[in-house]
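Colleague: I would like to learn how to read a structure like this one, taking one feature at a time. Could you take me through it slowly?

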Amino acid sequence: MRDNFNTSFGVLVAMAGSAIGLGNLWRFPYLMGTNGGAAFIIIYLVLVFLLCLPIMMSEFVVGRRAQTNAVRAFKVLSPKGRWGIIGILGVLASVALISFYCVVGGWTIDYLVHSVTFSLPDRGSSEGFFAAAVSSPGRTLLYTYIFLALTALVLLAGIKDGIERYTKIMMPLLFLTIIIIAVRSVTLPGSGAGLDFLFNPDFSKVTANTFLDALGQAFFSLSIGCATILTYGSYVKKNEKIVKMSSLTAISDTFFAILAGLAIMPAVFAFGISPSEGPGLLFVVLPDIFDQIAGGGIVAVLFFFVLFIAAITSSISLLEVFVTFLIEECRMKRRSAVLASSGVCLVLCTLCALSGGVLSDVRILGRTFFDLFDMVSANFLMPMCGLLVVVFVGWKMKREAFVDELSNGGTLKNRALYNTIFYIVRYIAPIVIAVIMVFGWL
Ligand code: PHE
């Protein structure tokens with residue numbers, strides 16, 4: 001018997017766990033910083049709910065209908081075509097993503113360990129500290145491997161006893177902790193400028209690029225385009241409601257991103273720092289700030305704990321794509337599949353981890369391994385996989401089959417909504433994804 005998620009809450013926390021990740025904490029705040037604050041949020045919301053949510057539901061439908069791994073799912077639903085290629089792109093995308101995701105996950109463990117032992121850098125030395133964390137091979141490899149090993153450990157226990165059991169504990173903790181940090185940040189003297197920035201839209205900063213940034217972020221943040229939703233969907237029982245689950249996932253993901261903004265921006269403004277610091281915001285600017293506020297030591301522990309949990313619940317979903325594929329296509333036992341997939345990822349993670357130091361001069365297409373995996377997944381594999389999924393669902397699968405799956409075999413009555421979702425998937429989604437891809441390449 002194929003493993004399954006046991007409860008609706010289990011499905012929801014697993015999906016939200018996948019969606020909420022480094023993207024919310026790391027990318028969202030600085031994208032907002034460069035794109036007009038609340039103006040960016042508004043555009044982002046529209047794109048998430050009108051466009052990306054239907055794409056997420058399409059992946060979900062394919063997985064749940066076929067009840068099998070990403071590659072076979074397309075073959076099951078369309079035995080004659082060559083649609084299995086979509087699944088292959090999805091598996092590749094998830095492997096490429098996890099290769100650099102584990103490295104950043106490793107940094108979060110590194111910082112968590114240092115914050116628990118009160119040995120984070122003092123004000124002014126954060127930059128050097130981060131540079132050392134990224135470039136010393138022993139240190140970066142150690143933490144990257146620990147992160148990958150923890151991910152694998154959860155997966156060894158399977159869906160119900162592994163993913164569901166652990167994300168059920170981790171996700172409530174995650175929300176609770178980010179709320180505590182947000183409250184601390186908002187109550188700092190001088191935080192008002194940050195709130196103003198978050199909630200007063202500045203449309204003068206909005207350019208064509210803002211839309212591309214928002215759409216890329218929505219894709220990444222909702223975990224679409226790399227078969228994770230498809231794979232999780234394949235473990236979801238037939239009586240769960242796809243529209244509701246997907247919507248709740250998108251709502252919690254967006255809510256968390258805004259909470260992350262509230263946790264970070266008021267503090268950043270209170271110290272007169274520019275919100276568009278970029279990736280260094282989390283690992284350089286924030287430790288500096290923690291060093292200067294009352295109770296900063298504890299906030300630091302909580303913050304890096306949040307980062308770690310957010311990251312690991314996402315990496316779990318990424319690695320599971322490959323694991324499910326190996327179990328079903330190569331007839332492996334779960335244990336061997338987890339070991340084999342982690343082995344492959346270990347090699348790729350090593351290349352990415354060493355990109356910050358020893359291998360920083362090794363360039364492919366002018367990029368380090370870390371940047372290469374990032375670029376290939378974000379600009380090519382994910383949008384391509386997303387595009388083919390909507391083309392498959394919109395044009396190959398019959399509308400009846402799609403509506404049948406969304407309505408749980410006709411028991412849920414909301415035909416108008418299901419048809420609207422179908423037409424977005426069929427007509428609007430492919431065009432928009434194609435446009436982003438082309439612009440992304442240009
Ligand atoms: N959604 C995750 C984040 O925001 C990243 C991710 C992408 C996870 C794709 C799984 C699949 O960090």
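Modeller: Gladly, and let us keep in mind from the start that this is a predicted model. We can begin with a residue at the end of a helix, since L156 belongs to helix α7, which covers residues 137-156.

Colleague: How should I read burial here, and is L156 buried, partly exposed or exposed?

Modeller: A residue counts as buried under 20% relative accessible area and as exposed over 50%, with partly exposed in between. L156 has a relative accessibility of 37%, and therefore it counts as partly exposed.

Colleague: Which residues does L156 contact, once its neighbours within four places in sequence are left aside?

Modeller: Those contacts are with R334, R335 and V338. Distance along the chain and distance in space are separate things to read, and for L156 and N69 they are 87 residues in sequence and 17 Å from C-alpha to C-alpha.

Colleague: Can we turn to helix α5 and compare two of its residues? What is the relative accessible area of S99?

Modeller: S99, which lies in helix α5, has a relative accessible area of 0%, so it is buried. Not counting residues up to four places away in sequence, S99 touches L348, C349, C352 and F373. I109 is also placed in helix α5, and because its relative accessibility is 9%, below the 20% limit, I109 counts as buried.

Colleague: Which residues is I109 in contact with, beyond its neighbours within four places in sequence?

Modeller: I109 is in contact with Y143, I146, F147, L150 and F308. The last of these shows how the fold brings parts of the chain together, for I109 and F308 are 199 residues apart along the chain, while their C-alpha atoms are separated by 6.4 Å.

Colleague: Now for the ligand: where does it sit, and which residues come nearest to it?

Modeller: The ligand sits in the largest cavity, and of the 16 residues around it, A19, L22, G23, Y101 and F220 come nearest. Helices α1, α2, α5, α10 and α14 each supply at least two residues of this shell.

Colleague: Which polar atoms of Y101, A19 and S221 lie by the ligand?

Modeller: For Y101, a polar side-chain atom lies 2.6 Å from an oxygen atom of the ligand. In A19, a polar backbone atom is 2.9 Å from a ligand nitrogen atom, and in S221 a backbone N or O atom lies 3.1 Å from a nitrogen atom of the ligand. The ligand on its own has 320 Å² of accessible area, and the protein covers 100% of it.

Note on methods:
Residues are numbered from 1 along each chain as its sequence is written. This is a predicted model: local features need pLDDT of at least 70, side-chain atom pairs count only at pLDDT 80 or more; totals for chains, interfaces and linings use all residues. Side-chain values use heavy atoms; hydrogens and water are left out. Helices (H or I, at least four residues) and strands (E, at least two) are DSSP runs, numbered from the N terminus. Buried means under 20% relative accessible area, exposed over 50%, partly exposed in between (1.4 Å probe, protein chains only). Contact means heavy atoms within 4.5 Å. A residue is near a molecule or strand if one of its heavy atoms lies within 4 Å of it. A polar contact is a pair of N or O atoms within 3.5 Å; within protein, one must be able to donate a hydrogen and the other to accept it, and residues adjacent in sequence count only if both atoms are side-chain atoms. Accessible areas come from the Shrake-Rupley method with a 1.4 Å probe; for residues, only the protein chains shown count as cover. On a 1 Å grid over the protein atoms alone, a cavity is a set of points where a 1.4 Å probe fits but cannot get out, and a pocket is an open set with protein on both sides within 12 Å along at least five of seven lines; lining residues have an atom within 4 Å of a point. A molecule sits in a cavity or pocket if more than half of its atoms lie within 2 Å of its grid points.
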